[in-house]
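Here are some friendly exercises to work through with the sequence and the 3D view side by side. Try each task before reading its solution.

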Amino acid sequence: MSRIGNNPVAIPEGVTVDVKDNVVTVKGKLGELTQNYDSVEIKVEDGNVMVARSSDSKDQKAKHGLYRSLMNNMVEGVSNGWTKQLELVGVGYRASNQGQKLDLALGFSHNIVLNIADEVKVETVSEKGKNPIIKLTSFDKQLVGQVAAKIRGFRPPEPYKGKGVKFVGEVLRRKAGKSA
């Protein structure tokens, strides 16, 4: 019995959900998302999206909760949107953007220039005395997470001084340095 899969996904006002030929399309004020599915049944009833499975096979049990979570993320994304914030910790680490081009100075010999997908809005905040912050906003949760992970992958935070690119609010496990 999947606890997550059995919960209905409420459809807010202004969002439409269409189910045709194993493809779910969710449209809202921020954009449109599509998702293929198999092994489960997806129905729209009384302003809710219901995900059901026909048997208790291991494959269907696994996909039951998965597709319900994906539906919830899609509905939430096209109505409210998703945001990830990255913080650059380190002396001389900087970030700036011109449109969809993100320019990162992370202590390498050359700056890293990254072209961000058009669906993701990029904003950089640099205040004196504080670490630079990169804000990524989109209606697609998977895409925001993927772009954030790519940026973080250029310079992951290290455990001794905590330098690197980390998520805002992320707690790092710190290690003790050399003892004399």
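**Exercise 1.** Is D21 buried or exposed? Find the residue, then describe its setting and its backbone.

*Solution.* Keep in mind that this is a predicted model.
- Step 1: locate the residue. D21 sits in the loop between β2 (16-20) and β3 (23-27).
- Step 2: look at its accessibility. The relative accessible area of D21 is 75%. Exposed means over 50%, so D21 is exposed.
- Step 3: check the backbone. The phi of D21 is positive, about 50°, although D21 is not a glycine.

**Exercise 2.** Repeat the steps for S39: in which loop does it lie, and how does its accessibility class it?

*Solution.*
- Step 1: S39 belongs to the loop between β4 (32-36) and β5 (41-45).
- Step 2: with 27% relative accessibility, S39 counts as partly exposed, a class that lies between the 20% and 50% limits.
- Step 3: S39 is not a glycine, yet its phi is positive, at about 70°.

**Exercise 3.** Now step back to the whole chain. How many helices and strands does the protein have, and what does its radius of gyration say about its spread?

*Solution.*
- Step 1: count the elements. There are three helices and 13 strands.
- Step 2: compare the radius of gyration with the globule rule. The protein has a value of 21 Å, while the rule gives 16 Å for 180 residues. The protein's value is well over that, so the protein is more spread out than a compact globule.
- Step 3: add the dimensions. The C-alpha trace spans about 60 × 45 × 25 Å along its principal axes.
- Step 4: turn to burial and surface. Of the 180 residues, 34% count as buried. The protein exposes about 11,200 Å², and carbon and sulfur atoms supply 48% of that area.
- Step 5: consider the contacts. Taking those between residues at least 6 apart in sequence, 51% join residues at least 24 apart.

**Exercise 4.** How many positive and negative side chains are there, and how many salt bridges does the structure hold?

*Solution.*
- Step 1: tally the charges. The protein has 28 positive and 20 negative side chains, and the centres of the two sets are 13 Å apart.
- Step 2: recall the principle. Side chains of opposite charge can pair when their charged atoms come close.
- Step 3: count the pairs. The structure holds seven salt bridges.

**Exercise 5.** Examine some of these salt bridges. Where in the chain do the partners lie, and how accessible are they?

*Solution.*
- Step 1: start with E170 and R152, whose closest N and O atoms are 2.6 Å apart in a salt bridge. E170 lies in the segment after β13 (164-167) and R152 in helix α3 (residues 141-154), so this pair ties together parts 18 residues apart in sequence. E170 is partly exposed at 23%, and R152 is partly exposed at 21%.
- Step 2: look for a network. D38, D59 and K63 are joined into one by salt bridges that share partners.
- Step 3: take one link of that network. D59 and K63 form a salt bridge with closest N and O atoms 3.6 Å apart. Both are in helix α2 (residues 58-79), and because they are four residues apart there, about one helical turn separates them. D59 counts as partly exposed, at 39% relative accessibility.
- Step 4: finish with K130 and E127, which meet in a salt bridge at 3.6 Å, N to O. K130 counts as exposed at 57% relative accessibility, whereas E127 counts as partly exposed at 44%.

Technical notes
Residues are numbered from 1 along each chain as its sequence is written. This is a predicted model: local features need pLDDT of at least 70, side-chain atom pairs count only at pLDDT 80 or more; totals for chains, interfaces and linings use all residues. Side-chain values use heavy atoms; hydrogens and water are left out. Helices (H or I, at least four residues) and strands (E, at least two) are DSSP runs, numbered from the N terminus. The radius of gyration is taken over C-alpha atoms; the globule rule is 2.2 Å times the number of residues to the power 0.38. Buried means under 20% relative accessible area, exposed over 50%, partly exposed in between (1.4 Å probe, protein chains only). Contact means heavy atoms within 4.5 Å. Accessible areas come from the Shrake-Rupley method with a 1.4 Å probe; for residues, only the protein chains shown count as cover. Lys and Arg count as positive and Asp and Glu as negative; His and the chain ends are not counted. The place of a charge is taken as NZ of Lys, CZ of Arg, CG of Asp or CD of Glu. A salt bridge is a side-chain nitrogen of Lys or Arg within 4 Å of a carboxyl oxygen of Asp or Glu.
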